[in-house]
Amino acid sequence: MNAANYLYLSALLFTIGAVGVVIRRNAIVVFMCIELMLNAANLSFVTFSRINGDLNGQVIAFFTMVVAACEVVVGLAIIVTIYRSRRSASIDDASLLKR
Amino acid sequence: MMTSTTLVYLIALPLAGSAILLLAGRRSDKWGHLLATGLSASSFFVGLYQLSLMLGRSNSERPITQKLFEWISVGTFKIDASLMLDQLSICFVLLITGVGTLIHIYSISYMSHDADRRRFFAFLNLFIAAMLLLVLGDSYLNLYVGWEGVGLASYLLIGFWNQKPAYATASKKAFVMNRVGDMGLSFAIMIAFATMGTVSFSGVKAAVDHTSTAALTSIGIMLLVAATGKSAQFPLQAWLGDAMAGPTPVSALIHAATMVTAGVYLITRSNFIFDAAPTAQLLVVIVGAITLMFGALIGTAKDDIKKALAASTMSQIGYMILGAGLGPVGYAFAIMHLLTHGFFKAGMFLGAGSVMHGMNDEVNMRKYGALRKFMPITFATFGLGYLAILGVPPFAGFYSKDMIIETAFNSGGAKGIILGCVTLLGAGITAFYMTRVMILTFTGKSRWDDEAHPHESPWLMWLPMAILAIGSVTSGYLLSHGDALVNWLSPLFENHAEHAELLSPLVVSGLALAMVAIGIAIAFIKYSRNEVAAVAPTDVSIFTTIARQDLLQDRFNEAVFMAPGKVLTAVLVKTDEAVIDGAVRGAGRIALGSGSALRGVQTGFVRSYAALILLGAVALVAAIWVVTQ
């Protein structure tokens, strides 16, 4: 199977994620879209690793997963805290820095 | 040249007095005036001691010098702070410390009601020290330090009662006009350094022979500018009248006897330059002749007794400058007139102070009159000074002023005749305005204000006046007897060939006395026969009006120098506001404007930030793509 197809898929997933971050208001959904973009990047790394025939891309993908895991921990904690105090997970409501 | 170790005490004593009085502050209020007077007197005695030593040496060994410390040392160029006492300096040293001490004594009583008497004495001592440094410096640079020092002391003392804004302005005016002259002196020093590589008197004197006439002329003119500033000569004379704002002892010491004669000293000291630069010398004579008439004419119209005497000082210094400009033959006569003038003018100023003391500080002569009976001692001492300045034999002015008139007549050609006539006419006008002062003040009917209670001054005041009056009577005879002063000073000046005599001394004296008699007669007819109005009449001729306004000198200065200066500063202020401030404010406004414009981007919505990041990333990728294609 042509390796370029994986790259197209990766681009598609990334675009979905990016558009999701920009247009959705629910913090959990935005968060999932970020995960989607990270994984789209991972897919690209792995594909390039396959194309070039070395393991560098795969190693980077592992790093990305670790970073993503950490990010999930911190991010979810923040979202839960905000939800507790404001009874809302809408990110547009949390625009208090403007004022 | 012999060296000495005691010269420095001349300056150190009064300088220490000034420092002690200023640093000790109010604690020295009780004894400060006594200390200052004592130190000034001891400086006078050091001067007398030096004179006695000098008299014991032969003519060529008389100048002595003392090196204080190495002042400037740059490569091969060295200037020491050294003092030099020669036949010329000793005359000044004795005049400054002698008259200075008498005026210190006078001031003890005159200033006794002033809360700041100690500060006054501190400044007087500072002046004595600076003036001594001026005449003892052995180079133009050392002289310059003293030159600035007397300017400072003069400024401080004119503005001594600076709580009155007019007095503070007068001191500022004197200082600023003196600065113009000081610039001339600094230029002269710079030119001397650039062309001769030295600024010491002996060095410059030795270098004169191989220096171009152009350089010597420019040095001479710059020295003349300096002299006009300090000595209140045309065209920088306007400050002297206002300087009378200072306490009267200051007017007597600084603005009559000593500081204002510094210009004459400078020109006489620089005789080797002026002898080699005839153009500069001619300018000196012209300045002297103009100021002589200028001061005399102003003196005829002043009702303020101190301003009338100030105008007279200006005129008499004009005589000295003129004498000094007549070359080798005139220097000694200029110095002689300077010394006799120091006696009689200081005496008359102290007399004026005594009159003011008894008349509630009234200075308007139209409000005096008939004071002869109430102030006999003041009248007598003032009268002797009056006879001396007129040049009535055998009083001091007869010897010194007639010498200058005679020298002027004999200076040769049309120049001699013009100068001779100017000096003769000046003598006549001097007689007129001094007689006017005498008549208005001491004779006629009283025109006092009701609260005036004229009385004779205490002995501390009349004693110095009496001593100065004795000097006014005898100094001329003593100095000219057997050409004493001329011979004493002769080693300093080039020997000169005798000019052909146009008029004999006897004829000159006769002419001068005739002019004086005419002047006195006119004054008597005008002021003694008629009643003098207590208020200055306003329906006077245009000439009187102009003379009352100092011959429009202030108007001229304001129109020619002040008005363009004001326009220039107005333009500069506008430029500053528009360009400099505009640039600074503009930069601020740009930062503020761009800030508030960019603030719109900061919405506070996470999603818009994310969209911007995305947009940025896409733009970056697009840019890389375009570049790498």
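**Close-up views of chains A and B**

Asn360(B) sits in the loop that links helix 15 (328–358) to helix 16 of chain B; helices here are DSSP runs of H or I with at least four residues, strands are E runs of at least two, and both are numbered from the N terminus. This is a predicted model, in which local features need pLDDT of at least 70 and side-chain atom pairs count only at pLDDT 80 or more, while totals for chains, interfaces and linings use all residues. Residues are numbered from 1 along each chain as its sequence is written, and chains are lettered from A and ligands numbered from 1 in the order in which they are written.

**View 1. Two residues with positive phi in loops of chain B.** Most residues other than glycine have a negative phi. Asn360(B), not a glycine, has a positive phi near 55 degrees. Ala232(B) also departs from that pattern, with a positive phi of about 55 degrees, and lies in the loop between helix 8 and helix 9 of chain B. Ala232(B) is buried, because 30 other C-beta atoms lie within 10 Å, whereas Asn360(B) is partly exposed, with 13 such neighbours inside 10 Å. (Buried means 20 or more other C-beta atoms within 10 Å of the residue's own, exposed means 12 or fewer, and partly exposed is in between; C-beta atoms are placed from the backbone.)

**View 2. Cis peptide bonds before Pro235(B) and Pro394(B).** Most peptide bonds are trans. The bond from Phe234(B) to Pro235(B) is cis, with omega near 5 degrees, and Pro235(B) belongs to the loop between helix 8 (213–230) and helix 9 (239–242) of chain B. Pro393(B) and Pro394(B) are likewise joined by a cis bond, with omega about 5 degrees. Look for Pro394(B) in the loop between helix 16 (376–390) and helix 17 (396–409) of chain B.

**View 3. An open sheet of three strands in chain B.** The strand order is 1-2-3, and the pairing is mixed; two strands pair if DSSP finds at least two bridges between them. Strand 1 (2–3) and strand 3 (77–85) of chain B are at the edges with a single partner strand each, so one side of each has no neighbour in the sheet. Strand 1 and strand 2 (residues 64–74) of chain B run parallel and are joined by two bridges. Met2(B) has Ile64(B), in strand 2 of chain B, as its bridge partner.

**View 4. Where chain A meets chain B.** Eight residues of chain A contact nine residues of chain B, contact meaning that C-beta atoms, placed from the backbone, lie within 7 Å.

Terms used:
Contact = placed C-beta atoms within 7 Å.
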